[in-house]
Amino acid sequence: MLNLDDQTLHDASVPYLQAPSAYRHKWQGRLTRHAPSRIGLAWSGRIQQNDTRAVPFDVLKPLLALPQIDWFVLQRDGTRADLDAFNAMQATHVHRLDGAIGDFADTAAIIEQLDAVVSVDTSIAHLAGALGAPLWLMLPFAADWRWFEDPHHTPWYPHARLVRQRVTGRWDDVVARVRDEIAATTAHAPKPACTDCAPPRCGTGSASRSGRTAQRPTSTDPAPPCCRSHGSGRSRSPA
């Protein structure tokens, strides 16, 4: 009906969204940086009964224990159990922004200042993909059909890395694989050139994310999309 095929999808231009300039200005310098890398996180979307997409917050603790990363919570809601677990962790490197996020323009401006995003199948993942941000997407065993059957890649978002459940309901293995891939990426990431500005403002003069050159891993190479160093306009290619 839409005359779409595999080649049409692979030829799609990404990024095709960008944060409004007023929102970029609003968020300039507001994200804390204590570590070399800044990564956004969304472990659940809209809270629904029997939702298979959400990851219990406690399961994320091995991921959040990675050194040299500031984590920024991009979702606005969470279950009481998740919020209690978050508060009990008392981690100074994990930052909640839900009280300051008013709409998707805010979220887009935040993502443009991050090195990558880790998300479940929710609107935040689609926003990150449309912005061209490196994305680890955690999917349930029976994922939505629109993610197709490729175990790691999607034609919708060439900078996304799909990480699927191997057993229904088991998120610990998914989180462990994301943790290992991010650890391998950040271990070789250069120190950022600037401390509190969005990558498009680091000397590029461009409001878009066209400077991002993170490449799509091949089907024979399971290496993840790699985080981009601020100010350089470069991404490390998958190993």
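Okay, let's start with a word I'll lean on: a residue is buried when its relative accessible area is under 20%, exposed when that is over 50%, and partly exposed in between, using a 1.4 Å probe and protein chains only. With that in hand, look at helix α5: A105, D106, T107, A108, A109, I110 and I111 are buried. That makes seven of the eight residues in α5, so to speak a mostly covered helix.

Before going on, some ground rules. This is a predicted model, where local features need pLDDT of at least 70, side-chain atom pairs count only at pLDDT 80 or more, and totals for chains, interfaces and linings use all residues. Residues are numbered from 1 along each chain as its sequence is written, and side-chain values use heavy atoms, with hydrogens and water left out.

Now the overall picture. The protein chain has seven helices and six strands; these are DSSP runs numbered from the N terminus, helices being H or I with at least four residues and strands E with at least two. Going along the sequence, the pattern reads α-α-β-α-β-α-β-α-β-α-β-β-α. There are 239 residues in the protein chain, and 48% of them count as buried. When I say contact, I mean heavy atoms within 4.5 Å. Taking contacts between residues at least 6 apart in sequence, 67% join residues at least 24 apart.

Back to α5. What covers its buried residues? The list includes α2 (21-27), β4 and α6. I110 also turns up in the largest nonpolar core, which has 27 residues; I110 and I111 are the ones with the most contacts inside it. A nonpolar core here is a set of buried Ala, Val, Leu, Ile, Met, Phe, Trp, Tyr and Cys residues joined through side-chain atoms within 4.5 Å. The elements giving two or more residues to this core are α5 (104-111), α6 (123-130), β5 and β6. Leaving aside residues up to four places away in sequence, I110 touches W27, L31, L74, L97 and I101. There's also a second, separate core of 26 residues, with L66, I69, V73 and M138 among them.

Next, helix α7, residues 172-186. Its 15 residues reach 21 Å from first C-alpha to last, close to the 21 Å expected at 1.5 Å a residue; that expected span is 1.5 Å times one less than the number of residues. Which residues of α7 are buried? They are V174, V175, R177, V178, E181, I182, T185 and T186. They cover an arc of only 160° around the axis, so they sit on the same side of α7. The arc is taken from the directions from the helix axis to the C-beta atoms. Covering them are elements including β1 (37-42), α3 (61-64) and β2 (69-73).

V175 brings us to L60, which is in the loop between β1 and α3. L60 is buried, with a relative accessible area of 0%. Not counting residues up to four places away in sequence, L60 touches L41, W43, V55, M138 and V175. L60 and W43 are 17 residues apart in sequence and 8.3 Å apart in space, C-alpha to C-alpha.

Last stop, charges over rings. That needs NZ of Lys or CZ of Arg within 6 Å of the ring centre and within 35 degrees of the ring normal. The charged end of R30 sits over the ring of W27, 4.1 Å from its centre. R96 lies over the face of F86, at 5.6 Å from the ring centre.
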